[in-house]
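Visitor: I'd like to walk through this model and ask how each label is earned. Can you show it to me?

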Amino acid sequence: MYSKDGENYYILDAHIALWDARAENQRNIHGKQFIDCFYDYHRNLGPESETWPYEDFLYQGGERLMKDIFTDGYVDHAIFQPAALPAFYRNNFGQTEEAFALAQKHPDKLTYNHCWDPRFGEDGLKQLREDAKRFNLKGAKLYTAEWFGDSRGWKLDDKWSYRYLEAAQELGIKNIHIHKGPTIRPLDRDAFDVADVDKVATDFTELNFVIEHCGLPRLEDFCWIATQEPNVHAGLAVAMPFIHTRPRYFAQIIGELLYWLDENRIQFSSDYAIWTPKWLVEKFVDFEIPEDMTEYPALTTEVKKKILGLNAAAMYDIEVPAELQVADPPAKAETEAVAVA
């Protein structure tokens, strides 16, 4: 919980990771390119006081994660959103066993989401069913730009992707988080395009689609999709640190999301371990949209409370103490059943 000026804020960090990008886990040069690009985001968008040594950035481990997020970072609950990237890393980038063990040890603090790649076909579908049971999955993180053999990405509306989304719907994996944001070297920019969100959101209204990084730099495209698809939500990972380096740009991002969506479909994320939540929470609570940007809705204390935790908590059925709720709390994400052709 974070407290400021007599107000208490429930904090749910909806996008964190526990990764291993050390040299011994890098399969090839692309593993180094990937983590170096992450590190450039880390040191260029965050405060100098929050910049880690490069070696620390390669691997954090569970003990540091717990300290950074919960002891120091004000967070009440956090959700793992892993990326596998087996083409770049020997034992994957996101560390499944270590992250899941932490979530099992701290179920009141951590939720583990897993990932899939529809290009694994029937074998992957079988694995998805096993993973859903083992991890008790409520959500998943999809990375449409991952490399797989000669393929350098896939689309949400591909035939096999629909098979996996149908399985997720059947298995009760309702919250589908998708990386649709800035490219990361060496991945291809167009593989992160948001256009395929529109079709799956229409065809799978039982599912919630949380578009991580809110489509940046395609914010306008994302907003035009999300405004007409009530099961599409915005994740603020990568958007948040602009509150430090480019506050007017951040005001534009948050203002556009509030204008086109509403305050109930925006989720705070630190994108740990690229950044830590402490300074992001502090800056967001203090942040005000500039007075001359009059076309945007007000970023009130109640709206901030929803974004910082109440929205994601409602989506994941996480209990929030009554004293940390707001007068008009976000409803659980509403979905409706439809047959998929």
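Guide: Start with arginine 22, whose charged end sits over the ring of tyrosine 59, 4.0 Å from its centre. This is a predicted model, where local features need pLDDT of at least 70 and side-chain atom pairs count only at pLDDT 80 or more, while totals for chains, interfaces and linings use all residues. Residues are numbered from 1 along each chain as its sequence is written, and side-chain values use heavy atoms, with hydrogens and water left out.

Visitor: What makes a charge sit "over" a ring?

Guide: NZ of Lys or CZ of Arg has to be within 6 Å of the ring centre and within 35 degrees of the ring normal. Arginine 22 sits over tyrosine 59 at 4.0 Å. Lysine 305 also qualifies, lying over the face of tyrosine 9 at 5.6 Å from the ring centre.

Visitor: Why is the pair of tryptophan 224 and tryptophan 260 called tilted?

Guide: A pair of aromatic rings is described by the distance of the centres and the angle of the planes. Rings of Phe, Tyr and Trp (its six-membered ring) pair if their centres lie within 6.5 Å; planes under 30 degrees apart count as stacked, over 60 as edge-to-face and the rest as tilted. Here the centres are 4.6 Å apart and the planes are at 45 degrees, so the tryptophan 224 and tryptophan 260 pair is tilted. By this rule there are 28 aromatic pairs.

Visitor: Where along the chain do those two tryptophans come from?

Guide: From distant parts: tryptophan 224 is in helix 8 (residues 219-226) and tryptophan 260 in helix 10 (residues 247-260), 36 residues apart. Helices (H or I, at least four residues) and strands (E, at least two) are DSSP runs, numbered from the N terminus.

Visitor: And what kind of pair do phenylalanine 242 and tyrosine 249 form?

Guide: With 5.0 Å centre to centre and 85 degrees between the planes, phenylalanine 242 and tyrosine 249 are edge-to-face. Ring pairs also build a cluster, whose members include Trp19, Phe34, Phe38, Trp52 and Tyr272.

Visitor: How do you know whether phenylalanine 242 is buried or exposed?

Guide: Buried means under 20% relative accessible area, exposed over 50%, partly exposed in between (1.4 Å probe, protein chains only). Phenylalanine 242 has 14%, so it is buried. Tryptophan 224 has 48% and therefore counts as partly exposed.

Visitor: What is unusual to point out about asparagine 136?

Guide: Asparagine 136 has a positive phi of about 50 degrees although it is not a glycine. Asparagine 136 lies in the loop between helix 5 and strand 6 (139-142), and its 60% relative accessibility makes it exposed. Histidine 213 also has a positive phi, of about 75 degrees, and is not a glycine either. Histidine 213 is in the loop between strand 8 and helix 8, but at 1% relative accessible area it is buried.

Visitor: Which peptide bond ahead of proline 217 is cis?

Guide: The one from leucine 216, with omega near 5 degrees. Proline 217 lies in the loop between strand 8 (208-212) and helix 8. The bond from arginine 185 to proline 186 is cis too, with omega near 10 degrees.

Visitor: What makes one space a cavity and another a pocket?

Guide: Rolling a probe the size of a water molecule over the atoms shows where empty space is left. On a 1 Å grid over the protein atoms alone, a cavity is a set of points where a 1.4 Å probe fits but cannot get out, and a pocket is an open set with protein on both sides within 12 Å along at least five of seven lines; lining residues have an atom within 4 Å of a point. Grid points are joined across faces, edges and corners, and a volume is the space filled by probe spheres set on the points.

Visitor: How much space does the largest pocket have?

Guide: The largest pocket has a volume of about 450 Å³. It has 22 lining residues, and Ala84, His114, Cys115, Trp116 and Phe120 are the closest to its centre. Helix 5 supplies the largest share of that lining, six residues.

Visitor: How many cavities are there?

Guide: Two of 30 Å³ or more. The largest cavity holds about 200 Å³, and helix 1 gives the most to its lining, three residues. The second largest cavity holds about 40 Å³.
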